[in-house]
Amino acid sequence: MMFRLVKKTLVLAPILLAISFRYPFTHPYVVLLALVLVLVLITTGFGHSLHYMLPRKRNSEGGLLLQQDLHHPDPPDNDHPSPPSSLPLVSQHSNNPSQGYDVPVSGGGGSSNPTAAVSAPMGLAGEPNPVDIDEDLHSRQLAVYGRETMRRLFASNVLVSGMQGLGAEIAKNLILAGVKSVTLHDEGVVELWDLSSNFIFSEDDVGKNRALVSKPKLQDLNNAVVVSSLTTKLAKEQLSNFQAVVFTDIDLEKAIEFDDFCHTHQPPISFIKAEIRGLFGSVFCDFGPEFTVIDVDGEDPHTGIIASISNDNPALVSCVDDERLEFQDGDLVVFSEVHGMTELNDGKPRRIKNARPYSFILEEDTSGYNTYERGGIVTQVKLPKVLKFKLLKDALKDPGDFLLSDFSKFDRPPLLHLAFQALDKFLRDFGRYPVAGSENDAQSLISIATVMNDRTGDAKLEDINPKLLRHFAFGSRAILNPMAAMFGGIVGQEVVKACSGKFHPLFQFFYFDSLESLPTEIEDLSDFRPLNSRYDAQISVFGSKLQRKLEDARVFLVGSGALGCEFLKNLALMGVSCGHQGKLTVTDDDVIEKSNLSRQFLFRDWNIGQAKSTVAALAAKSINPHLNVEALQNRVGPETENVFDDDFWEKLNSVVNALDNVNARLYVDQRCLYFQKPLLESGTLGAKCNTQMVIPHLTENYGASRDPPEKQAPMCTVHSFPHNIDHCLTWARSEFEGLLEKTPAEVNAYLSNPSDYTKLMIKAGDAQARDTLEHVLECLDRERCENIEDCIAWARLRFEDYFANRVKQLIYTFPENATTSTGAPFWSAPKRFPHPLQFSASDPAHLHFVMSASILRAETFGISVPDWVKDFGKLALAVDEIIVPDFKPKKDVKIVTDEKATSLSSASVDDEAVIHVLIARLEQCRKNLTPGFRMKPIQFEKDDDTNYHMDLIAALANMRARNYSIPEVDKLKAKFIAGRIIPAIATSTAMATGLVCLELYKVVDGRHRLEDYRNTFANLALPLFSMAEPVPPKVIKHRDMSWTVWDRWVIKNNPTLRELLKWLQEKGLNAYSISCGSCLLFNSMFPKHKERMEKKVVDIAREVARLEVPHYRRHVDVVVACEDEEDNDVDVPMVSVYFR
């Protein structure tokens, strides 16, 4: 392209120069010729070449945003990795009608109509080269999808038709995910009715086209995505411009026409029809006659470490009991690194059966193979899956198996399949939706459904449930925000699947209802009449009485991150806390970071560094100006009980958790338990999400059941015997923190107050104190750096120590033929025999370690880093000059092999003497330091790719992996593991919050039974939806009394200890222990405690527990351990002793 441009320019250049020498530059001839040159360049590709020359960015950091050349759309993106044929990146069709676009849609490679009404796009489409992924922005999403899927998304063009609540949610999730372009289609205008579900619209937008209003506000979410609008009637030929099309407001006849076109298109276009009608929703997917799923579940292939393989037909394979195997019968596996039975190392996939936790049967005759000796890894093989989708017109008649979400409603999907078709017929017949509260309209819909059911033949339903159809009719015009959020997450994920082949698509119908969310008692049908308010759609389903309860609710939202942003949006649209008595309090002590922007959609790049809660609250207020919200920056915990005091908790109606750690959840759970407040809990992990309802006296509390703690690798495994990359990365982060954070901090602690520091070390007098002093002394003496050359030398010697000398010492102590005390080979699975590395300046990985280590070492010593250190050629020359001492193994080195050991430091009888020697040497070193010398400890920060933290950790881990023949990982994968990054995507977050808000209707109503509530686990990757009623609390019975964890006993009138014991005895309980906090107020085994009998309980608490009772609190809480008359322990509720 550039060559052609230069060539065309050179043709005219001599003429222009010749004339310019004869005439001045202002002469008309020169001006005219210059204009001709410009026209030639424009018509022959200058505009397109300019596209190549000017800077382009996919991230949201700004940059030039150029009008795309209408006459010369960009060529197909050939540099992207090609997906299977069923996953087209570029459509090859052109010359399609596109009137009504405000930017040209050429995402499929088709040319745009140059006469269409065009405005400047807000991003660049059709980039000719692969786009770098902004890992700072998309790190959490990359942890779910991986680079390949992200690149496919970046090349995908999507149409979203219907910009009411559901369409807005779908578009939001896709724009946050980072597809190439999203075209918003809607011929209708904003109505006040839409404000119940659409976070984009305001009252000022009423009467304007929905798509045009939506475009600029959705564009703000991600400037790397081209967002355009289409406001005229859609022709099926225009669908050729897209890889996936979504319709949220379309009649069946038109949907069938469009689906036929998409299904038979070459390549096929993924077609999704989604619909929300009040508390009912449906999704239909058709991804073409043959769609290839590259990765059905997104999980890493399961692996196992082999312990033995029999010479049998079939063969029994046993694995070490380090971790349970996750294989299933019928899986394909491959073997590697097997010693002895090397025939299995050929890379051929083999099928297994009889999968057990630590063994499986290999469907192969190994009787003629060599005898298994040792070692070996078995790895699951994940194969692509081809799905054959039916056309919509065929699936309507023969839907196949429905995707179930609630097994208590197993008969519901066929009924809803009929109901949605009946509603379509109603719309065709009457030209409108049934009116909320109209019995006549409801009966008409029921009649249509009855006739349609009678014509279905063998598929006829025995009961069409008129009561359910009546509710369906009443709410059929309404799009509720919680339903839009939930289905926006589901459909958004289906689009990602369609564009990438990542995860298993929904096949093909999904129906859902939340009829249990309706108020338990509906007194008057007039309650459903619209009030000409922004909540009319919601009122048409729930009535104005519940709407008033929502507006007057006092809600506490804990957290304003990804979940919190979605909740704030949902609550604002629902009208929660928007009345005169309502109040929403949101708190979060965190600030906005760049990595938040791909999911936490209320934030923009200019908000980075600002308080999350403040920004989120202001954004929510802009969605609904009536929202009464207060934003706080306090962590919720024992230390802030002066902020969130008794009065605060007692005034609440409900609490919504939007937290990302278990400890905070447990604390809020205990507060809700204590103050008897409903808690709506949720969480996400990648494509998975879960919700849990904690309702006073109906359900168990959040802390009643906990996941088992994650299994930690033994210390000796991490430090000497790693067998996977996780072990290497755990070790690498530990070394990073020790070298660059802990030791410099210890140096500063010593230099700040040498006398006190040395006294503490002498008092400790143990191996840990000795090791700490040795590290401090190394920093200030032998390994002190004064210039960059010292830092490079230090890094080079560290390489030799870590990856050569330590390994040489290990295999000297435990040679390859070493045996255990029982005679078994020492180097048996899961241990891997290591090999020392030979440093080579020609190996980029070796130099990368030296570079990152020396740069960070220089930072700790305050040494400036010249640019040549980052030049591998110059760095290699500096490294070659470093003298590396020869290694001499030591005979008396003790290497910890006990998996139960908690420390690598071995105690010695002369630790105290060594500590005194080290302190004396430190004193000598301190005298040689410049006055005021301090080191700069480096705190690990994973989300800054320019600070070399992850460079060093990845280098440490990968060099160690080479020692032990473990597959290496790139820096991004290392960041996920070492940085303990929690995978997160917008779709699962949106779904979780939608589900919670459907439960909030029940909580606010306040009269629902246990069986009406739902806890949910969902995995959008499979997809899997599992809903069930919550578990009731455990009931404890004693005599004629019963209680649960929700109960609290109260004793008033400021009792003495004796009076409290007597009060319990009257209940048939003998108290043998009473505690307050962590302090024991009374124990029957301690004679001295009987001296406290006549004291007031509150006085004992103040004296013994040092309890400071706030002025606003009138009681103290004590935990009592009791026995019944038969000496059986009885768990009793917490006892509140009132003294005021």
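This tour goes from the whole chain to a sheet, a helix residue, some salt bridges and a surface patch.

**Before you start**

The model is predicted, so local features need pLDDT of at least 70 and side-chain atom pairs count only at pLDDT 80 or more, while totals for chains, interfaces and linings use all residues. Residues are numbered from 1 along each chain as its sequence is written, and side-chain values use heavy atoms, leaving out hydrogens and water.

**The whole protein**

Show everything as a cartoon. The protein has 31 helices and 31 strands. Both are DSSP runs numbered from the N terminus: helices (H or I) have at least four residues, strands (E) at least two. Of the 1140 residues, 55% are buried. Buried means under 20% relative accessible area, exposed means over 50%, and partly exposed lies in between (1.4 Å probe, protein chains only). About 50000 Å² is exposed, and carbon and sulfur atoms supply 51% of that. These areas come from the Shrake-Rupley method with a 1.4 Å probe; for residues, only the protein chains shown count as cover.

**The seven-stranded sheet**

Next, select the open sheet with the order E3-E2-E1-E4-E5-E6-E15. Its pairing is mixed; two strands pair if DSSP finds at least two bridges between them. At the edges sit E3 (226-230) and E15 (509-513), each paired on one side only. From one strand to the next, the twist averages 15°.

Zoom in on E1 (residues 157-161) and E2 (residues 181-185). They run parallel, with five bridges. Asn157 has Ser181 in E2 as its bridge partner. Now add helix H5 (residues 165-177), which packs on the sheet and touches E1, E2, E3, E4 (244-247) and E5 (270-277). The direction of H5 makes about 165° with that of E1. For such angles, axes are lines fitted to C-alpha atoms, for helices over the stretch in contact, and angles run from 0 to 180 degrees between N-to-C directions.

Move to E5. Four bridges join it to E4, in parallel. Val246 stands opposite Ile272. Eight of the eight residues in E5 are buried. Ser270, Ile272, Ala274 and Ile276 point one way; Phe271, Lys273, Glu275 and Arg277 point the other.

**His138**

Select His138 in helix H4 (residues 135-154). Is it buried or exposed? His138 is buried, because its relative accessibility is 4%. Leaving out residues up to four places away in sequence, its contacts include Phe154, Leu176 and Ser598. Contact means heavy atoms within 4.5 Å. Lys594 is 456 residues away along the chain, yet the two C-alpha atoms are 8.9 Å apart.

**Salt bridges**

The whole structure holds 70 salt bridges. Each is a side-chain nitrogen of Lys or Arg within 4 Å of a carboxyl oxygen of Asp or Glu.

- Lys382 and Asp295 meet at 2.8 Å, N to O. They lie in separate loops, 87 residues apart. Lys382 is partly exposed at 26%, whereas Asp295 is buried at 14%.
- Glu778 and Arg782 have their closest N and O atoms 3.2 Å apart. Arg782 is exposed at 64%.
- Asp406, Lys409, Arg412, Asp513, Glu516 and Arg1014 are linked in a network.

**Last stop: a nonpolar patch**

Show the surface of Phe1017, Leu1022 and Leu1024. They make a nonpolar patch of about 230 Å². Patches use residues with over 30% relative accessible area and no salt bridge; like charges are joined within 9 Å, nonpolar side chains (Val, Leu, Ile, Met, Phe, Trp, Tyr) within 5 Å. Phe1017 belongs to strand E22 (residues 1015-1019) and is partly exposed, at 36%.
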